[in-house]
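Reader: I would like a close look at one part of this protein. Please take the annotated binding site and set it in the context of the whole fold.

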Amino acid sequence: MSRIVVATGNEGKAREFRELLRGLDVVVATLRDFPDLRMPEETGQTFAENATLKARSVAEGTGLPALGDDSGLEVDFLNGAPGVYSARFAGEPADDWRNNAKLLQLLAGVPWEQRTARFRCALALVTPGGDTYLAEGTLEGFIALEPRGECGFGYDPLFYLPEYGKTLAELGEEIKNNLSHRARAVQNLWPVLSRLWPGDKAGDTRY
Ligand SMILES: O=c1[nH]c(=O)c2ncn([C@@H]3O[C@H](COP(=O)(O)OP(=O)(O)OP(=O)(O)O)[C@@H](O)[C@H]3O)c2[nH]1
Ligand SMILES: [Mg+2]
């Protein structure tokens, strides 16, 4: 069976992609399968540019099609920050706990209706021949007053969905994979993915 490489060093993303790409006739490899490969610096101004940088570099390094993900949180009260800097919001090395603490501090005293935010995910699929396909997905929500829940990664314990009355970290992986920014981006890329690797779920109505 042919292979696709998920071009991410983030194990939380990799785990989600293994689920989200299920049903395609392709084996999902990760950077763990290519330990000598180095990821490029994320110098792009947009999520799409960074996703493309990551996928292109991994497609060139492996000779396999690669899927790059650049994603992050846009908080309206912070004029869209941390945005493309979400991973390193509280400095390097990236640290989820410190990022969450900094976000809560910046939003201390900010009333609920002004705590609106969205997750954004850009995907870039780059083939070894250099063909590039882009897709995006978003998820709207609120920044909670305190972290809740154990699942997921990153800002999930602070990302509150009013429809569910829970944070993404409380909702758990299965529900997150049905509604997240990443799930929606995969859904938007599905026409390309299912054309390249038609599998038993290629015609799934969810996609
Ligand atoms: O709670 C979250 N749930 C998510 O679903 C999610 N998706 C992205 N993020 C945050 O945004 C950064 C992305 O930065 P990013 O795209 O550069 O990824 P990364 O540096 O972690 O890995 P890589 O893919 O670049 O190797 C991540 O670190 C997280 O802080 C998320 N947080
Ligand atoms: Mg990164």
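Author: Helices and strands here are DSSP runs, with at least four residues for a helix and at least two for a strand. By that count the protein has 6 helices and 7 strands. The model is predicted. Along the sequence the pattern reads β-α-β-α-β-α-β-β-β-β-α-α-α.

Now the site. An unreviewed UniProt entry places the feature "binding site" at Glu41 and Asp70. The two span 30 residues in sequence, yet their C-alpha atoms are no more than 12.1 Å apart, so they gather at one spot.

Take Glu41. Its place is the loop between β2 (27-30) and α2 (47-62). Glu41 has 9 C-beta neighbours inside 10 Å, so it counts as exposed; the cut-off for exposed is 12 or fewer.

Asp70 sits in strand β3, residues 66-75. Asp70 has 26 C-beta neighbours inside 10 Å, so it counts as buried. The cut-off for buried is 20 or more. Leaving aside residues up to four places away in sequence, Asp70 touches Glu42, Phe47, Asn50, Ala51, Lys54 and Ala122.

Then the wider frame. Buried residues make up 38% of the 207 residues. Of the contacts with a separation of 6 or more, 60% join residues 24 or more positions apart. The C-alpha trace spans about 55 × 35 × 25 Å along its principal axes. The radius of gyration is 17 Å, which agrees with the value near 17 Å for a compact globule of 207 residues.

Key: Residues are numbered from 1 along each chain as its sequence is written. Chains are lettered from A and ligands numbered from 1 in the order in which they are written. This is a predicted model: local features need pLDDT of at least 70, side-chain atom pairs count only at pLDDT 80 or more; totals for chains, interfaces and linings use all residues. UniProt positions are given in the numbering used here, feature names are shortened, and annotations may be inferred rather than shown by experiment. Two residues are in contact if their C-beta atoms, placed from the backbone, lie within 7 Å. The radius of gyration is taken over C-alpha atoms; the globule rule is 2.2 Å times the number of residues to the power 0.38.
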